[in-house]
Amino acid sequence: MPLTFASVGEENCIQKIGGNTETKKFLESLGFVVGGTVIIVNEINGNMIVNVKESRVAISKEMANKILV
């Protein structure tokens, strides 16, 4: 399921990163890698603040839809 459907505070394992090559590289540079964990800290209008690799990152709803957990 896309990250946008996950609950706040729930630890999720990243299964797949979608999108074009440029998008995948961008998300990978932020720490979103297959097998990694991501925790949603807060969600505002679909945009999210998440903990990934012990860092807080803000991502848009469109980017979050490309991350499958």
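Is K53 buried or exposed? K53 is exposed, with a relative accessible area of 55%. The views below come from a predicted model.

**View 1. The whole chain combines two helices and six strands.**
Follow the chain along its sequence and the pattern is β-β-α-β-β-β-α-β. The C-alpha trace spans about 30 × 20 × 20 Å along its principal axes. A compact globule of 69 residues would have a radius of gyration near 11 Å. The chain has 10 Å, so the value agrees with that expectation. Buried residues make up 35% of the 69 residues. Take the contacts with a separation of 6 or more: 53% of them join residues 24 or more positions apart. The chain exposes about 4,200 Å², and carbon and sulfur atoms supply 49% of this area.

**View 2. The largest nonpolar core has 16 residues.**
Look for L3, F32, V38, M48, V50, I59 and I67, the residues with the most contacts inside this core. Three elements give two or more residues to it: β3 (37-44), β4 (47-52) and β5 (55-59). The largest share, three residues, comes from β4. In soluble globular proteins, nonpolar side chains tend to be buried together.

**View 3. Strand β4 has a covered face and an uncovered face.**
M48, V50 and V52 make up the covered face of β4. N47, I49 and N51 make up the uncovered one. Read the residue numbers in order and the two faces take turns. In a regular strand the side chains alternate between the two faces of the sheet.

**View 4. M48 of β4 stands opposite E43 and opposite I59 in β5.**
Which residues does M48 touch, not counting those up to four places away in sequence? They are L3, T4, I40, N42, E43, V57, A58, I59 and A64. Both opposite partners, E43 and I59, appear in this list. M48 is also one of the residues with the most contacts inside the largest nonpolar core.

**View 5. Strands β3 and β4 form a hairpin with two residues between them.**
The two strands pair in the antiparallel sense over six bridges. N45 lies in the loop between β3 and β4. N45 counts as exposed because its relative accessibility is 75%, and exposed means over 50%. N45 has a positive phi of about 55° although it is not a glycine. Most residues other than glycine have a negative phi.

**View 6. Strands β4 and β5 form a second hairpin, also with two residues between them.**
Here too the pairing is antiparallel, this time over five bridges. V52 has S55 in β5 as its bridge partner. K53, the residue of the opening question, is found in the loop between β4 and β5. K53 is not a glycine, yet its phi is positive, at about 50°.

**View 7. N20 caps the N-terminal end of helix α1.**
A side-chain oxygen of N20 lies 3.3 Å from the backbone nitrogen of E22. The helix covers residues 21-30. Just after α1, G31 takes a positive phi of about 110°.

**View 8. T23 has its place in helix α1.**
Is T23 buried or exposed? T23 is buried, because its relative accessible area is 13% and buried means under 20%. Leave aside its neighbours within four places in sequence, and T23 is in contact with G18, M63 and K66.

**View 9. N12 lies in strand β1, residues 11-13.**
Why does N12 count as buried? Its relative accessibility is 7%, so N12 falls under the 20% cut-off. The side chain of N12 reaches the backbone oxygen of E10 at 3.0 Å. N12 is also in contact with A6, G36, T37, V38 and V69, leaving aside neighbours within four places in sequence. One of these, V38, is among the residues with the most contacts inside the largest nonpolar core.

Key:
Residues numbered from 1 in each chain as written. Predicted model: local features only at pLDDT ≥ 70, side-chain atom pairs only at ≥ 80, totals over all residues. Heavy atoms only, no water. Core = buried A, V, L, I, M, F, W, Y, C linked by side-chain atoms within 4.5 Å. Buried < 20%, exposed > 50% of the residue type's maximum accessible area, 1.4 Å probe, protein only. Helix = DSSP H or I, 4+ residues; strand = E, 2+ residues; numbered from the N terminus. Contact = heavy atoms within 4.5 Å. Pairing = 2+ DSSP bridges. Rg over C-alpha atoms; globule rule 2.2 N^0.38 Å. Areas by Shrake-Rupley, 256 points an atom, 1.4 Å probe, with all protein chains shown as cover. Polar contact = N/O pair within 3.5 Å; in protein donor to acceptor, adjacent residues only side chain to side chain.
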